[in-house]
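Ready to practise reading a protein model? Keep the structure open beside you and try each exercise before you peek at the solution.

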Amino acid sequence: MERWLPPSDMTGEMLRFDFREGGTYRMRLTYRDQQAGQGKTSESSDEMEVRFTRLEPSHRIEQDVVFESDDPAFEGTMRMVWTFEPEGGETLVTVRAENVPAGIQPEDHEEGLNSTLDSLAGFIEQDG
């Protein structure tokens, strides 16, 4: 996940990982351009605490995401639902986000999710 989850303008570091329903992970995303000052947790990074609320192997991952931030614009719990559907010899991956914090602009969020999906595709093609 450190390799494919971060959007292309960030790097990732997994701080903790417990992959099971009810389990959690904590991840730090760091902006490659640290001069931008756009982080939620610090000027250059976002940290999030994620809880797996539902796992259906090979079909669905539901998770609650909370960003660590002092800025009220990033408060709240974002719900993300990842679905995996067979399509020919491939898999169609869809991500739906609900309750996205107001501080995350919709166009930035869409761009970031598309970048993540592109990275996931590249990761799977490269590593099989």
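**Exercise 1. The turn between strand 3 and strand 4**

Which residue takes a positive phi in the hairpin of strand 3 and strand 4?

*Solution.* A quick heads-up before we start: this is a predicted model.
- Step 1: find the two strands. Strand 3 covers residues 45-56, and strand 4 covers residues 60-68.
- Step 2: look at what sits between them. The hairpin has three residues between the strands, and S58 is the residue with a positive phi, near 70°.
- Step 3: check how the strands pair. Strand 3 and strand 4 run antiparallel, with nine bridges, and E56 stands opposite R60 of strand 4.

**Exercise 2. The other partner of strand 4**

Work out which residue of strand 5 is the bridge partner of R60, and how many residues of strand 4 are buried.

*Solution.*
- Step 1: go to strand 5, residues 78-87, which is joined to strand 4 by six bridges in the antiparallel sense.
- Step 2: locate R60 and look across to strand 5, where its bridge partner is T83. Recall that R60 also stands opposite E56.
- Step 3: go through strand 4 for burial. Seven of its nine residues are buried, so you can call this strand mostly covered.

**Exercise 3. A closer look at R26**

Decide whether R26 counts as buried or exposed, then list what surrounds R26.

*Solution.*
- Step 1: place R26. You'll find R26 in strand 2, a strand that is mostly covered, with six of its eight residues buried.
- Step 2: apply the cut-off. Buried means under 20% relative accessible area. R26 has 16% relative accessibility, so R26 counts as buried.
- Step 3: look for a polar contact. The side chain of R26 makes one with the side chain of E49, at 3.1 Å.
- Step 4: collect the contacts, skipping neighbours within four places in sequence. R26 touches E13, M14, L15, R16, E47, M48, E49 and E68.
- Step 5: link this to the strands. R16 has R26 as its bridge partner in strand 2, and strand 1 (residues 10-17) pairs with strand 2 in the antiparallel sense over seven bridges. Those two strands form a hairpin with six residues between them, where G22 in the turn has a positive phi of about 90°.
- Step 6: turn to strand 3. Strand 2 and strand 3 are antiparallel too, with seven bridges, and L29 has D46 of strand 3 as its bridge partner.

**Exercise 4. Two pockets**

Find out which element gives the most to the lining of the largest pocket, and do the same for the second largest pocket.

*Solution.*
- Step 1: start with the largest pocket, whose volume is about 700 Å³. It has 29 lining residues, and P7, K40, D108, H109 and G112 are the closest to its centre.
- Step 2: name the elements. Strand 2, strand 3, strand 4, strand 5 and helix 1 (106-127) each give two or more residues to this lining. Helix 1 gives the most, with seven.
- Step 3: sort the lining residues of the largest pocket: 15 are nonpolar, nine polar and five charged.
- Step 4: move to the second largest pocket, with a volume of about 560 Å³. Its lining has 19 residues, and F84, T91, V93, L120 and I124 lie nearest its centre.
- Step 5: name the elements again. Strand 4, strand 5, strand 6 (90-98) and helix 1 each give two or more residues here. Helix 1 gives the most to this lining, with five.
- Step 6: sort the lining of the second largest pocket: 15 nonpolar, two polar and two charged.

Technical notes. Residues are numbered from 1 along each chain as its sequence is written. This is a predicted model: local features need pLDDT of at least 70, side-chain atom pairs count only at pLDDT 80 or more; totals for chains, interfaces and linings use all residues. Side-chain values use heavy atoms; hydrogens and water are left out. Buried means under 20% relative accessible area, exposed over 50%, partly exposed in between (1.4 Å probe, protein chains only). Helices (H or I, at least four residues) and strands (E, at least two) are DSSP runs, numbered from the N terminus. Two strands pair if DSSP finds at least two bridges between them. On a 1 Å grid over the protein atoms alone, a cavity is a set of points where a 1.4 Å probe fits but cannot get out, and a pocket is an open set with protein on both sides within 12 Å along at least five of seven lines; lining residues have an atom within 4 Å of a point. Grid points are joined across faces, edges and corners, and a volume is the space filled by probe spheres set on the points. Ala, Val, Leu, Ile, Met, Phe, Trp, Tyr, Cys and Pro count as nonpolar, Asp, Glu, Lys and Arg as charged, and the others, Gly among them, as polar. A polar contact is a pair of N or O atoms within 3.5 Å; within protein, one must be able to donate a hydrogen and the other to accept it, and residues adjacent in sequence count only if both atoms are side-chain atoms. Contact means heavy atoms within 4.5 Å.
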